[in-house]
Amino acid sequence: MTEALIVRGLDKTFSKPAVRDLDLTVHPGELYALLGPNGAGKTTTLRMVAGLTKPDKGAISIFGIDALADPAAAKAITAWAPDEAMIYDRLTPLEYLEFVAGLWSIEPKLAKARAVELLDTLGLAGEARRRCEGFSRGMKQKVALAGALIHDPKLLILDEPLTGLDAAAARLVKDMLQARVDAGGTVILTTHILEVAERMADRIGIIAGGRLLAEGSLDVLRGQAGKDGGTLEDVFLQLTADGAAA
Ligand SMILES: Nc1ncnc2c1ncn2[C@@H]1O[C@H](COP(=O)(O)OP(=O)(O)OP(=O)(O)O)[C@@H](O)[C@H]1O
């Protein structure tokens, strides 16, 4: 089986080490949650996977493509949605999505059809032709998410996708992510909302201090933390405390 993502020995130091000798494996068709305390190295890791930050050391393979040797091929099948939406305020959502689709050389008719479908799924059909500049943070986040999905990526990477969304918008996004996974897509996300990871993730990686402390299903992590029957919060707090003490 070709894994969706294999990360080996990943290292990144800014003024101090942010990611240290990190290994991750994400299977195709799973939703993988990368959890960790503030400053643990989650965003840095995912930025390296998405080709936005250059690692000091290590290897990244996305569906068998060496992302460091052939970043263009890796990016063509990957999407990255940062926690702060970056869109062009002066465009309408439809124009923005058609613009992004153009960057991927998607045929205009197909681009429009995908854009309309994505905006509809995300509850933005009524705003499709309004300029984004007056949009709330949550609405902009949804437009950015639609932009990340316009080229139908095999691997979707989301940094804190639910931050700033109201309950209804969060439900829409969660349903959309679940639908992608149910259809065979692969999703990696970070979140501080542990209930979301507990309910949605097939497997979970916990990192702290730039190192992977544990990886597996909730049951595997429970075993590792010695917390049979515990919640993900119990397990997370135990493993990160153990990691800090080590
Ligand atoms: N561009 C940068 N320049 C300098 N230091 C950075 C940069 N990006 C991240 N860092 C540092 O790297 C470490 C890891 O940061 P990172 O953003 O990856 O953590 P995180 O797990 O995503 O945290 P949070 O949950 O708070 O978003 C932190 O010490 C951070 O200050």
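Here is a short walk around the ligand site of this predicted model.

Before you click, note that residues count from 1 along each chain as its sequence is written, and that side-chain values use heavy atoms, without hydrogens or water. Because the model is predicted, local features need pLDDT of at least 70 and side-chain atom pairs need 80 or more, while totals for chains, interfaces and linings use all residues.

**Stop 1: the domain.** Select residues 1-234, which an unreviewed UniProt entry lists as "domain: ABC transporter"; such annotations may be inferred rather than shown by experiment. Over this stretch the chain is 37% helix and 25% strand (DSSP runs: helices, H or I, of at least four residues; strands, E, of at least two). Its end C-alpha atoms sit 33 Å apart.

**Stop 2: the shell.** Now pick the ligand and the residues around it (a heavy atom within 4 Å). You'll light up Phe14, Lys16, Ala18, the run from Pro37 and Asn38 through Gly39, Ala40, Gly41, Lys42, Thr43 and Thr44, plus His192. Sorted by class, that's 4 nonpolar, 6 polar and 2 charged residues, with Gly counted as polar. Helix H1 (residues 42-49) gives the largest share, 3 residues.

**Stop 3: the contacts.** Which atoms should you zoom in on for polar contacts (N or O pairs within 3.5 Å)? Try the side chain of Thr43, with an N or O atom 2.7 Å from a ligand oxygen. A polar side-chain atom of His192 is 2.8 Å from a ligand oxygen, and for Gly41 a backbone N or O atom is 2.9 Å from one. The protein covers 58% of the 630 Å² of accessible area that the ligand has on its own (Shrake-Rupley, 1.4 Å probe).

Key. Polar contact = N/O pair within 3.5 Å; in protein donor to acceptor, adjacent residues only side chain to side chain.
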